[in-house]
Amino acid sequence: MDKYLTVTAITKYIKYKFDQDPHLQNVFIKGEISNFKRHSSGHLYFALKDDKGVISAMMFKSNANQLSFEPKEGDQVLIEGRIGVYESRGSYQIYVQTMQLDGIGLLYEKFEALKKELAEKGYFNADHKLSIPKYPKKIAVLTASTGAAIRDICSTLDKRYPLAEQVLISTLVQGKGAKDNIINNIKEADSMGVDVIIVGRGGGSIEDLWSFNEKEVVEAIYNCSTPIISAVGHETDTTLSDFVSDVRAATPTQAAVIATPDINALYQLIQNARQYLTKHITQDIQREKQRLNQLSSYYKLKTPSLLYDQETQLLDDYQKQLNRNLEQTILRYKHRMDILQNKLRIGPISNRVFQYRQDFDRLKYEQNQLINRILTDKKQLLANKLVQLDTLSPTQTMLRGYSIIEKDDKIITSKDDLSVEDEITVNLKDGKIKANVKEIR
């Protein structure tokens, strides 16, 4: 019995072998997701299969939170992980560490990431979108010069609104150089003064349409000042150019329909307007005729003098009343003037003015007499002061034989102010003498 192993033992041995094999610790597998489930714990459980095999897979929540896309049934993916054995079921599985979309899936992943980035920048906001002119005069069409798209757009424009001028700009819609060509043609059309731009192409795979998902193309559409209609692919095809454009058309044909009014509908509108105007103008004419007939039968119009007889008489009455009022006003003001003249009493005023003039002459004479008397007194006072000043003047003193002695420009009044050999100045009436002191007594 010792040669028989338990299920647990053999399972552990197999797990040990798996865990020790370096080739199974970091493997890269691609395949299709099948039986996908997201557990309430956040872990992912699914199978990875191809046309000949299948392997169980699980991804822990910590790794699943790092995914840049939402896995779903049928996704083609590229997986990195390790192979291990789940002992409870005795089955092997791959523990997924990283997972990304494969091939087309990568493009979809890139599409979603770029869509999210541009949406956060506001490129798809409705407040930035321009309205399509109702009656465009010039339409620029950016698409391949050959193919169904250009034929559908041009034929639809010709049928619906041949009045609009079509500016066809041959544009690369896929392949190498398509991105730059689309950008340059959008800028060229924007500078031509057209009313609306149609950017479109026929349907295709995501790879074929990828030029219209390029970030630079989206920015060119966003910065365009002319309204743009995006008509890329069929109705089920969606590109980032559709989101940023002012209007998205499901097909190139629909783009032409959106860009133009239907000329047949305009003809019908004009016809309806003509009928409406004819009907209402006819009614207005009939109504005015009836009114004219009513007025022409009015009795006063048949006897025109009735219209002005009473008014003429009333005018005469107003004229009489005006003359009476004018005469009364003149009499009233004349009476007031007489009263004012009596109050003024011109005779007494003249006498009073004569008396005031005599008083003025008298006061003027008295004022002159007073001024002359004051001036005479002041002159005499000044003469007396001059005589007194002259008497006290040093010059008069020196005329009587006296002199003034100075030392260092100071007048000497005492012998104590001098010393022997001091230089002094003697001021006389007719000059100065420089001297030296020889003796002091």
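How many aromatic pairs does a search of the whole structure find? In this predicted model, the search of the whole structure finds five aromatic pairs, and two of them are set out below.

| Aromatic pair | Centre to centre | Angle between the planes | Arrangement |
|---|---|---|---|
| Phenylalanine 36 and phenylalanine 46 | 6.2 Å | 35 degrees | tilted |
| Tyrosine 123 and tyrosine 222 | 4.3 Å | 15 degrees | stacked |

The phenylalanine pair ties together parts that are 10 residues apart in sequence, because phenylalanine 36 lies in strand S1 (residues 27-38) and phenylalanine 46 in strand S2 (residues 44-49). Phenylalanine 36 and phenylalanine 46 are both buried.

The tyrosine pair links parts that are 99 residues apart in sequence, since tyrosine 123 belongs to the loop between helix H3 (104-120) and strand S6 (138-143), whereas tyrosine 222 is in helix H6 (residues 215-223). With a relative accessibility of 13%, tyrosine 123 counts as buried, because the cut-off for that class is under 20%. A further contact with an aromatic ring involves arginine 82, which lies over the face of tyrosine 95 at 4.5 Å from the ring centre.

**Helices H5 and H9**

Helix H5 (residues 178-190) has 13 residues, which at 1.5 Å a residue should span 18 Å, and the end C-alpha atoms are indeed 18 Å apart. The buried residues of H5 are Ala178, Ile182, Ile183, Asn185, Ile186 and Ala189. These residues cover an arc of only 170 degrees around the axis, and therefore they sit on the same side of H5. An α-helix has 3.6 residues a turn, so residues three or four places apart point the same way.

Helix H9 (residues 263-296) has 34 residues and reaches 48 Å from its first C-alpha to its last, which is close to the 50 Å expected at 1.5 Å a residue. The N-terminal end of H9 is capped by aspartate 262, a side-chain oxygen of which lies 3.1 Å from the backbone nitrogen of asparagine 264. Within helix H9 is found asparagine 272, and this residue counts as partly exposed because its relative accessibility is 36%. Between asparagine 272 and glutamate 219 there are 44 Å in space, C-alpha to C-alpha, and the two are 53 residues apart in sequence.

**The annotated coiled-coil region**

According to an unreviewed UniProt entry, residues 308-343 are covered by the annotation "coiled-coil region". In the model, the span of residues 308-343 is 100% helix and 0% strand, with its end C-alpha atoms 53 Å apart.

Key. Residues numbered from 1 in each chain as written. Predicted model: local features only at pLDDT ≥ 70, side-chain atom pairs only at ≥ 80, totals over all residues. Heavy atoms only, no water. Helix = DSSP H or I, 4+ residues; strand = E, 2+ residues; numbered from the N terminus. Expected span 1.5 Å × (residues − 1). Polar contact = N/O pair within 3.5 Å; in protein donor to acceptor, adjacent residues only side chain to side chain. UniProt positions renumbered as here; feature names shortened; annotations may be inferred. Buried < 20%, exposed > 50% of the residue type's maximum accessible area, 1.4 Å probe, protein only. Phe/Tyr/Trp six-rings, centres within 6.5 Å; stacked < 30°, edge-to-face > 60°. Lys NZ or Arg CZ within 6 Å of the ring centre and 35° of its normal. Arc of directions from axis to C-beta.
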